[in-house]
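Q: I have a model open and want to learn how to read its features. Where should I start?

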Amino acid sequence: MPPIVPPSPSAGPGPVHLVVPHRPGADHAQVRQRLEALEPLRRHAVRWHVPAVRAGIVQAADEAARAAKESGGIVVACGGDGTINAVAAAAWRHEVRMGVIPAGTFNYFAREQSLSLDFHQAAEDILQALHAGDVRPVRVGYVNDRMFLVNAAIGLYPRLLEQREMASRRFGRSRWVAVASAVWSFFRPASARRWRVSLRAHRGADALVGEEFFASTLFVGNNPLQLERLGIPQARDVAEGDHLAVLLLKPQGRWATARTVWHAAIGQLDRDESVISLACAEMEVEPASWRPAQVKVAFDGEREWMPSPLRFRVENRPLWLVAPTATARDDDAQAAPGDAAASPVRAAPVAEDPDPPEPAPLPVPGAVPGMATVS
């Protein structure tokens, strides 16, 4: 594997190309006013990239990353995990460094990286790291040609996100609106499907291992913090190396669903009999019976129809995040030499947070019985 080397910085700190999204339930004028008032940004050259409509975020992010490449600057995402996803995909594609000013509902990426959730401090940290040359590698996942930093899912979860978006338009964008919407979605009748799942447990494995599962949701996690909060043992595998966590939720009745939601809320999904979880480096998924031309996939809060089979994988080349090295996890500093926990592509810091966890698509850990080798 080639050495992990960050993009070469320019002779001097280039401009900050700031991407701010257009989203329902957000006061854009107020957000921009807050950003323009930040002293750290006022001391530095800033180029604004704000799409006129919500769907324009991908193009705005690409233009910002391209401009950052040409000017020797960095691209910075100000928003939630969906905005960060769009900017990260563009930054990875154009091989430029990026920063993050968290402004979302759950901010799982920022929390996993121990980035400040305060606007002023987040901007200050980015510029200090930029001048000091501090960057860290972040592992990225892909489903087909779409990046995901936090999670990707099929089945019930895309519908949950649609209903959360509708609730946000009606009641405003807040954590409790998102939680209530998610719980409501889980209690509504949900269809299940038989999926053919083929995976490689680790990089370099010669053959795919396959099995069929009847599930209402298949969820792939790339964020150890979210997985830890759900009580998924594979969070450790994701944090330590080039692995993704895979969770499958079996179809069940309302009372069983209530139990699963409760286990998720208290971080004990490993106790739930309706959930199967495992870790892998690569996976292909397709409907095992009736095969639609496309499958709806959710990734980092966004949704898109994709052709099957769906290929989930961890990319070799990392994303380079501009952030102070002081925010690295304490256990990283204490890890013994050669310990897998000290992997350079491991996402950094987890801060304790009293806020309730997101009721993510649900996923019992351990081996999956009956897995057969696929030629």
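The dialogue below goes through sheets, cores, aromatic pairs and a few single residues.

A: Start with its origin: the model is predicted. Then take the strands and see which ones pair.

Q: What holds the strands of a sheet together, and in what order do the strands of the open sheet come?

A: Strands of a sheet pair through backbone hydrogen bonds, either parallel or antiparallel. Here 6 strands form an open sheet in the order β13-β12-β11-β8-β15-β16, with antiparallel pairing. Its edge strands are β13 (275–280) and β16, each of which pairs on one side only. From one strand to the next, the twist averages 20°.

Q: How many bridges join the neighbours in this sheet, for instance β15 to β16?

A: Between β15 and β16 (residues 302–307) there are 6 bridges, and Val297 stands opposite Glu304 in β16. On the other side, β15 (residues 294–299) is joined to β8 (residues 151–155) by 3 bridges, with Ala153 opposite Ala298. At the far end of the order, β12 (residues 244–249) and β13 pair antiparallel over 6 bridges; Leu247 has Ser277 in β13 as its bridge partner.

Q: Which residue takes a positive phi in the hairpin of β15 and β16?

A: The residue is Asp300, with a phi near 50°. The hairpin has 2 residues between its strands.

Q: Which strands pair with β17?

A: One is β6 (residues 141–143), which pairs with β17 in the antiparallel sense over 3 bridges. Another is β14 (residues 282–287), also antiparallel, over 4 bridges. Arg313 of β17 appears in both pairings: Tyr142 stands opposite Arg313, and Arg313 is the bridge partner of Glu282. As for solvent, β17 is mostly covered, since 4 of its 5 residues are buried.

Q: How do side chains point along a strand, and where do those of β18 go?

A: In a regular strand the side chains alternate between the two faces of the sheet. In β18, Leu319 and Leu321 point one way, while Trp320 and Val322 point the other way. These four residues are all buried. The strand β18 is joined to β5 (residues 135–138) by 4 bridges in the antiparallel sense, and Arg136 has Leu321 as its bridge partner.

Q: Which residues have the most contacts inside the largest nonpolar core?

A: That core has 34 residues, and the most contacts belong to Val75, Met98, Phe109, Met147, Leu149, Leu319 and Leu321. At least two core residues come from each of α3 (57–71), β3 (74–79), α4 (81–94), β4 (98–102), α5 (108–112) and β18 (319–322). The largest share comes from α4, with 8 residues. Take Leu321 as a case: beyond its neighbours within four places in sequence, its contacts include Met98, Val100, Phe109, Leu115 and Val138. A second, separate core has 26 residues, among them Ala152, Leu199, Phe213 and Leu248.

Q: How many aromatic pairs are there, and how is the geometry read?

A: The count is 3 aromatic pairs. Look at the distance between ring centres and the angle between planes. Phe106 and Tyr108 have centres 6.0 Å apart and planes at 10°, so this pair is stacked. A pair counts as stacked when its planes are under 30 degrees apart. Phe106 is buried at 6% relative accessible area, and Tyr108 is buried at 1%. By contrast, Phe148 and Phe312 are edge-to-face, at 6.5 Å centre to centre and 75° between the planes. Because Phe148 lies in β7 (residues 146–148) and Phe312 in β17 (residues 310–314), this pair ties together parts 164 residues apart in sequence. Both Phe148 and Phe312 are buried.

Q: What sits over the ring of Trp92?

A: The charged end of Arg317 does, 3.8 Å from the ring centre.

Q: Where is Asp237, and what does Asp237 touch?

A: Asp237 is in helix α10 (residues 235–240). Its relative accessibility is 31%, so Asp237 counts as partly exposed; the partly exposed class runs between 20% and 50%. Not counting residues up to four places away in sequence, Asp237 touches His243 and Ala279. Asp237 and Ala279 are 42 residues apart along the chain, and their C-alpha atoms are separated by 6.8 Å.

Note on methods:
Residues are numbered from 1 along each chain as its sequence is written. This is a predicted model: local features need pLDDT of at least 70, side-chain atom pairs count only at pLDDT 80 or more; totals for chains, interfaces and linings use all residues. Side-chain values use heavy atoms; hydrogens and water are left out. Two strands pair if DSSP finds at least two bridges between them. Rings of Phe, Tyr and Trp (its six-membered ring) pair if their centres lie within 6.5 Å; planes under 30 degrees apart count as stacked, over 60 as edge-to-face and the rest as tilted. Buried means under 20% relative accessible area, exposed over 50%, partly exposed in between (1.4 Å probe, protein chains only). A charge sits over a ring if NZ of Lys or CZ of Arg is within 6 Å of the ring centre and within 35 degrees of the ring normal. Axes are lines fitted to C-alpha atoms, for helices over the stretch in contact, and angles run from 0 to 180 degrees between N-to-C directions. A nonpolar core is a set of buried Ala, Val, Leu, Ile, Met, Phe, Trp, Tyr and Cys residues joined through side-chain atoms within 4.5 Å. Contact means heavy atoms within 4.5 Å.
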